[in-house]
Amino acid sequence: MCGEPIAEPHQHVVDVVSHAMMCTCRPCYLLFTDSTAHLRYRSVPDRYLSFPDFELGPGQWDELEIPVGLAFFFRSSTLGRTVAFYPGPAGATESELPLDAWGIVLARNPSLAAAAPDTEALLIRGPGKDRPQADCHLVPVDACYELVGQLRRVWRGFDGGQEAREQLTAFFEAVSSRSKPAHKEDHEPAAGGTQ
């Protein structure tokens, strides 16, 4: 962004129009942390939350019309609505999210409103054979794109294959270890965006 060398690890900003991520040095990252400013870029916070009481049954997952068992959802401030993406062999694919179905999920899980627009996502694994309950975490949106990139490298066949499933399991274990259970005070959007 400014031409300064970027250290490892480093932080990211998101272009709220294109949803593209940009690596930044620390000073540039700090320029875009004001959630009240009307800016094209927003700093991606580093907050991980879990929702132990998350409710989403198999029928509700089907109503979201996500063709795979994993998706991430975030509110786009430019579009003024929630968008959903799921991983696949071509990378992140946007789903045409049925807003009524998503509205029902939010009504049953009001704590999900904690996610800051554009910069934080709700990463949801739908219920499956090995998981009777869906799993939901609030994560930095760049973590979702990192997961999609990891899966794309190892994706085989229609469902991703064994290596992709192992990668997904390892990723969720890492997310779970970083996440703290959401509490009432966490239900406000983080710096970097507002609802």
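Buried means under 20% relative accessible area, exposed over 50%, and partly exposed in between, with a 1.4 Å probe and protein chains only. Helices (H or I, at least four residues) and strands (E, at least two) are DSSP runs, numbered from the N terminus. The model described here is predicted: local features need pLDDT of at least 70 and side-chain atom pairs count only at pLDDT 80 or more, while totals for chains, interfaces and linings use all residues. Residues are numbered from 1 along each chain as its sequence is written, and side-chain values use heavy atoms, with hydrogens and water left out.

**Helix 5 and helix 4**

Helix 5 takes in residues 161-178, and its end C-alpha atoms are 26 Å apart. That agrees with the 26 Å that 18 residues should span at 1.5 Å a residue, where the expected span is 1.5 Å times one less than the number of residues. The buried residues of helix 5 are Gly 161, Ala 164, Leu 168, Phe 171, Phe 172 and Val 175. They lie on the same side of helix 5, because they cover an arc of only 95 degrees around the axis; the arc is that of the directions from the helix axis to the C-beta atoms. An α-helix has 3.6 residues a turn, so residues three or four places apart point the same way. Glu 173 and Ser 177, on the other side of helix 5, are exposed.

The cover over the buried residues of helix 5 includes strand 5 (70-76), strand 8 (120-125), strand 9 (135-140) and helix 4 (141-154), with contact meaning heavy atoms within 4.5 Å. Helix 4 has 14 residues and reaches 21 Å from its first C-alpha to its last, close to the 20 Å expected. Among the buried residues of helix 4 are Val 141, Cys 144, Leu 147, Leu 151 and Val 154.

**Pockets**

A pocket is found on a 1 Å grid over the protein atoms alone, as an open set of points with protein on both sides within 12 Å along at least five of seven lines; lining residues have an atom within 4 Å of a point. Its volume is the space filled by probe spheres set on the points, which are joined across faces, edges and corners.

The largest pocket has a volume of about 710 Å³. It is lined by 21 residues, and the closest to its centre are Gly 69, Arg 131, Asp 159, Arg 165 and Leu 168. Helix 5 supplies the largest share of this lining, four residues. The lining divides into eleven nonpolar, four polar and six charged residues. Here Ala, Val, Leu, Ile, Met, Phe, Trp, Tyr, Cys and Pro count as nonpolar, Asp, Glu, Lys and Arg as charged, and the others, Gly among them, as polar.

The second largest pocket holds about 310 Å³ of space. Of its 15 lining residues, Asp 46, Tyr 48, Asp 142, Glu 146 and Arg 178 are the closest to its centre. Helix 5 gives the most to this lining too, with four residues.

**Backbone features**

Most residues other than glycine have a negative phi, and most peptide bonds are trans. The peptide bond from Glu 8 to Pro 9 is cis, with omega near -10 degrees, and Pro 9 lies in the segment before strand 1. Two residues that are not glycine have a positive phi.

| Residue | Phi | Loop between | Relative accessibility |
|---|---|---|---|
| Glu 65 | about 60 degrees | helix 2 (58-63) and strand 5 | 53%, exposed |
| Asp 118 | about 70 degrees | helix 3 (99-108) and strand 8 | 3%, buried |

How values were computed:
1 Å grid on protein atoms, 1.4 Å probe; cavity = no way out; pocket = protein on both sides within 12 Å on 5 of 7 lines; lining within 4 Å.
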